[in-house]
Amino acid sequence: MADQEITFTLNGEAVAAKKGEPVLEAALRRGLHIPHFCYHSYLSVVGQCRACLVDVLDAGNGKPVPKLQPACATPAIQGMVISTVSPRVKEAQEGVFEFLLKNHPLDCPVCDQGGECPLQDQTMAYAKAVSRTHELRRIYPRKELSAYVKPEMNRCVHCTRCIRFTHEIDGGGEFGWASRGDRTEVGIFEDLPLTSIVSGNVIDICPVGALTDNKYRFTARVWEMAHAEGPCTLCSVGCRQRVWRAGDELKRVTAGENPAVNDAWICDVGRYGWSGVHAGERILRPLIRREGRLQPASWPEALGHIARRLGAILRESGGGAVAGLGGAWATNESAFQFGAFFREVLGSNSVDCRVHPRDLAQTEAQLAAFGAVGGQGSIAGLGRAKGILLVGSDPFEEHPILALQVRKAARGGAAVVSVHPRRIDLRLHSGLRHLCPLPGEEARALRALAKALAEAGAAPSGEGAEGYAHALASADLDALCREADIDPREAREAARALRPEGAEVVVLAGPGAQAEAAAEAANLALLLRAELLFASTGPNLQGALDMGLHPALLPGGRPLGDAAAREACQGAWGGPVGAAPGLSSAQVWDALNERRVRALYLFGCDPAAEHPEGARVRRALEAAEFVVLHASHANASLDYAEVVLPAPTLYEEEGSVTNLERRVQRLRRAVKPLGEAREPWRAFAELSRAMEAPMRAHALDRVRLQARLLCADYAGPLSRLPEEGVRLARERRGAFRAAALPPAAPPAGGLRLILAPALWLSGSFAASAVHLKDMPRAALRLSPPDADRIGAGEGDEAEVELGGRSLRLPVRVDASLPVGLAQAPEGYLAALRGGLDAGAARGGAAVKVRAAAAAPRVKVGG
Amino acid sequence: MLAEIARGLWLTLKHSWRSRVTVQYPDEREEMPKGYRGLHKLLRWEDGLERCVGCKLCSAACPVDCIFVESAENDPARPTSKGERYASVYEINELRCIFCGYCEEACPVGAIVLGNEYEFCQDHRDKFLYAKRDLLVRRTEDYPELKARYDEKRLLTYV
Amino acid sequence: MAIRFEKIVTGRFGNPEASTLAGYEAAGGYQAIRKILGKAEPKNVIELVKASGLRGRGGAGFPCGLKWSFVPQSLNPKYLAVNGDEGEPGTFKDRELMIRDPHQLIEGIVVACYAVGIAKAYVYIRGEFDAPWRAVERALGEAYAKGYLGENILGSGFGCDVYAHRGEGKRGHPRLKPPFPAVVGLYGKPTVINNVETLSNLPHIVNNGAEWFAGIGIDEKNTGTRMYCVSGHAARPGLYELPLGLTCEELIYEHAGGMRNGKALKAVIPGGASAPVLTAQEVREGKVRMDFDSLAKAGSMGGSGGVIVMDETACMVQAAGRLARFFEHESCGQCSVCREGTGWVSEIINRVEAGRGRADDLATLASIDPNMRGNTICVLSDACAMMFGAFLKKFHREFEAHVEQGRCPLGSPYPA
């Protein structure tokens, strides 16, 4: 029994622990402090620093342990009696601290760690007050690590937390140690720079000032700052983080702990993305377009203008002539209010948070299979799974913390199968199998995998099982594999590895899983009885959908056709709700061109830049009679807006957000809204007043009250949220959909380009964050043979020609790509927007690439 | 009654024999006692580098929050202070200051001291906001009386 | 008790042919495995070794048969790691065993593997040992060719592989115990770790029986012989295989030819760098015997058998300083205590020797000593503390004189 509860005695106090857990862990949880440096709950135990030595007076068998034992490596046993205050423990502690300080420079006033330094704090608590060292302190040669991590290795106490982090968690293994004795040096290998997207965690775990934050360096001291703890809002994972501010300025972000989501790690995008809050691109006051130019205006003016224009359109064409897009970058409360504003005040159901076609495809696939979106899987489940199927997902680039969870599972022996055109890198030595179909043929590869699973004995059961079983029975594995360009042997091996029976399997669908692939992912999840996670890009897409930002769904995910649901809404809002579904984000563009929709309200989204069918979207935006942009940052859609309203970022708002596993977490305001930005839920209430149809919800608690009434499972979370949030899980039951696969595309010659989102390059927020500029630059990735063929090396510029437009991008030679496939970051190809349509984007668009300019060569050595 | 008058006169007489305590300021000036806490000075090391490393402990110690410090990184080629850090901004609001001397107590490098100077009247409130250039001495040797302000043995000399 | 003099592991050292397979076989080699493989029950072999009283010759003197019986029989694979590192100053026995009689070692390995049920053994030979490495590699080749190693040795059905290795592929670090190597060792599997000399004794125990082996040595707990590596100011320094239980004086004066140039004995380090130093007086008056238990009773230890003899001209501060440098250099850097402590100790002692000692240095040293004992993952820190603790205690006057006079009173050159 691993989880058996036992008790032991520490300094006379009873401490509850799980059997076998480190004594130190149990003591810290109980609030009894034992000094320690090398121990970290989420890293392996090495027992090196020797600061946690304790006296085991009774090892649970009535006998004392003769030597002092490290509490971090001493498993808790029932009836143990431990002392941390006995004279010999005191003496050992004083000795250890003396040794630790023997070579540690006393430059605390200069050091950024000063004030939050475990060495400083524990020295004050446990060490002798006098120094007896007369020797010169150790000095290492100065080295740089990266743009984010500033080393001062003279302060290092060799706890090896950074080494263990990069080897165990991150997998890059950048840190290591050299030399012996008191010359032991922790550092990175010179030919292996610290470029990992989660490298910033070494700053948090370093117990001294040896690794500090280069971007935060000397900008503030910890005692001047206040922090807000809550979920990160830059992607849909929702890692717990601490946002620190001094005065009205954000200073830094550090990792928070949430064992259900991110353990104690955050990615560097989350760590440095806050710099977008203070970016020059922020919209700080309302703007109204006058004489062709956007000019500053007051809130009443702007709201009055919108009310007048919308009022006229409503009178002339009715509510159906107004459509709203966005909400995935807002709190649940603001998203709820956005939907309520449309349905109640404007009488329009055309409100949709899924601006990107990918989000639309994935959510519709889930609705088809499960009747609801999300709640079928958990992030913690990913971390402890025995089998993982990744569909169109490259987690290190898209959701880095999910990558760490996949790695955690793999280290625990999980088999990981990736279905992605590229051989994605999870920094695993073993356990990762690749099925690399042609781009656009992911669904076929998944069907082949399902067939192989059926051959291995997996039988679909439940709703739609018969049809699916029939589809699998009639499928030909070899033909499917041939068309998808995968090896049937590998498909069979992957199926065996996923172990259809008994093992816990998680299917993680990433941005590459679109349309048919998303539907097949759902089928596979049902076939494997697996948990299913869809990793969307919008941080609160899940919450926005739950709040009813869907043309056919009301808050709580209840269908519009349900009269009782409509009545409930009417009861809460006061106005009637139309039964006819509105326009989805896919239908809005044609409707705008055809003048069926005259006004468009863009709430925290930027279709002009981020929609893959850019040309069509821009035409539609131009055709729109009246466009409102309600956003925090100036973006490409600004050009089409008549009125612009400033919104705060999620760092400036109170509320709640829901992550991809449907965990509702409380968001705390980290800094007051910049400029004249005001909370969107308030703005909608004020706008409704300006339109002389005031909404009932004019305060946050009223918004929450309505949301609680209408969204049944949010009733609890919105009234009381525990620190780690509440995961609103759904029953894992759905229906197989045995849709026929589209005909296989004829083999395409030449180079095909696929687009994939990179977290640090997607969205206007990330683009405006100055601290993210040091992340890897946007690049065109080419396989080594393709790079050779066009004669471009790493870092050279290549000219990419696509649909009559061209763009220059630096080349990155990437052996994970098959020959004939190129990859570029999505959302960055703004200049190429005209050339891509959705089909091509999915199957890879034909591009011409040629070398444009060689990178400046830096002479090495000499 | 007479006795009381005599006692009063005696007291007057006694005081007339005592030495005068009035100082004819500004013609005459008293020497300030050791430990007098007057206008702040920011000191330098002997090589001319600023002592202050911008650690902000003074501002943390200040009970009335009258010290504002911003720190920055030294240019290794032309350092301002020893070590990596220096105070790019150092301001004291002398109107708000209560001359408690906690800043001096907190300073690990003996940079900020309260000097003997008490004559710093101004005709405008804004002028009491002393910036770094107003506080920084040109040469510490010019102020021998300030040396007694800090215990040299307790300074951090690591830098 | 009369001590029987008999050479065991060095019996063939005079025979230059013994390092080859043919020579070894001619000298009676590979008979032990013929005797037991497939014929004796493995657990009976363990019992035999237990009965012989063979103790580990690496340093700690842990009973060999007992160590084997800790290995869980059900867990497989299991490994044997042969410790041929021999890193302790003053010790040079395993080197000679590997060069002069490698087949004796290989036969011992096969015996051990058979007894514990091990299919793979790794001989760890450190990087500086080139000749032993070549000798063991050559001998392994010969043994494989003749079928003494590999599958189905001598048709017995038992097989084991032996590799000469120079590490596990990781930085050389002591690991946290528990779990002990008997359960989680090499590559995370149950592992027996034995010294070269220990294993070299095994063929003889099998051939001649436990009673014969137990008959050599002073008592039932200190049986067999020990290879003493006599170095320093003895007239005839060298390698002496002698029964356990001889006195220190006998070793120095009867076997190692007494003191060089007739000088007086000042101190002896009886068991390699880690063993606390013994003064001449202790050696003389206590009649210290050189077996495991007698040395432990005398406040030192048998260690790795390196006997460092020092005469009256030796400066004890210099000796301690030199040894401290060894510990500083060998500390792996894991534990704070050892990483910083060994360096600090070395710095202070060598400072004192150089005449730059501070008045509080000796007090500092004395107070570092207890902090370095028992608080680390391995015992290198303890060894360092035992070493300088003994020097400081037993030759305190000499240390004081260094500090007081600001120079070495014996005038020994610095650095040594």
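Two strands are taken to pair if DSSP finds at least two bridges between them. In the present model, which is predicted, this criterion is met in chain A, where three strands form an open, antiparallel sheet in the order β27-β28-β29. The edges of this sheet are formed by β27 (655-658) and β29 (726-727) of chain A, each of which pairs on one side only. Between β27(A) and strand β28 (residues 663-667) of chain A, which run antiparallel, there are four bridges; in β28(A), A:V664 is the bridge partner of A:T658.

A packed pair of helices is found in chain C, where the axes of helix α13 (residues 316-330) and helix α16 (residues 380-394) come within 10 Å and cross at roughly 170°. Because angles over 145 degrees count as roughly antiparallel, α13(C) is described as roughly antiparallel to α16(C). On the side of α13(C), the contact is made by C:M316, C:A320, C:L323, C:A324, C:F327 and C:E330, whereas α16(C) contributes C:L380, C:A383, C:C384, C:M387, C:F388 and C:F391. Classified by residue type, this contact of α13(C) with α16(C) comprises eleven nonpolar residues and one charged residue, with no polar residues.

With regard to contacts between chains, nine residues of chain A are in contact with 16 residues of chain B. The side of chain A that touches chain B consists of six nonpolar and three charged residues, and no polar residues are found there.

Technical notes
Residues are numbered from 1 along each chain as its sequence is written. Chains are lettered from A and ligands numbered from 1 in the order in which they are written. This is a predicted model: local features need pLDDT of at least 70, side-chain atom pairs count only at pLDDT 80 or more; totals for chains, interfaces and linings use all residues. Two residues are in contact if their C-beta atoms, placed from the backbone, lie within 7 Å. Ala, Val, Leu, Ile, Met, Phe, Trp, Tyr, Cys and Pro count as nonpolar, Asp, Glu, Lys and Arg as charged, and the others, Gly among them, as polar. Helices (H or I, at least four residues) and strands (E, at least two) are DSSP runs, numbered from the N terminus. Axes are lines fitted to C-alpha atoms, for helices over the stretch in contact, and angles run from 0 to 180 degrees between N-to-C directions. Angles under 35 degrees count as roughly parallel, over 145 as roughly antiparallel, 65 to 115 as roughly perpendicular and the rest as oblique.
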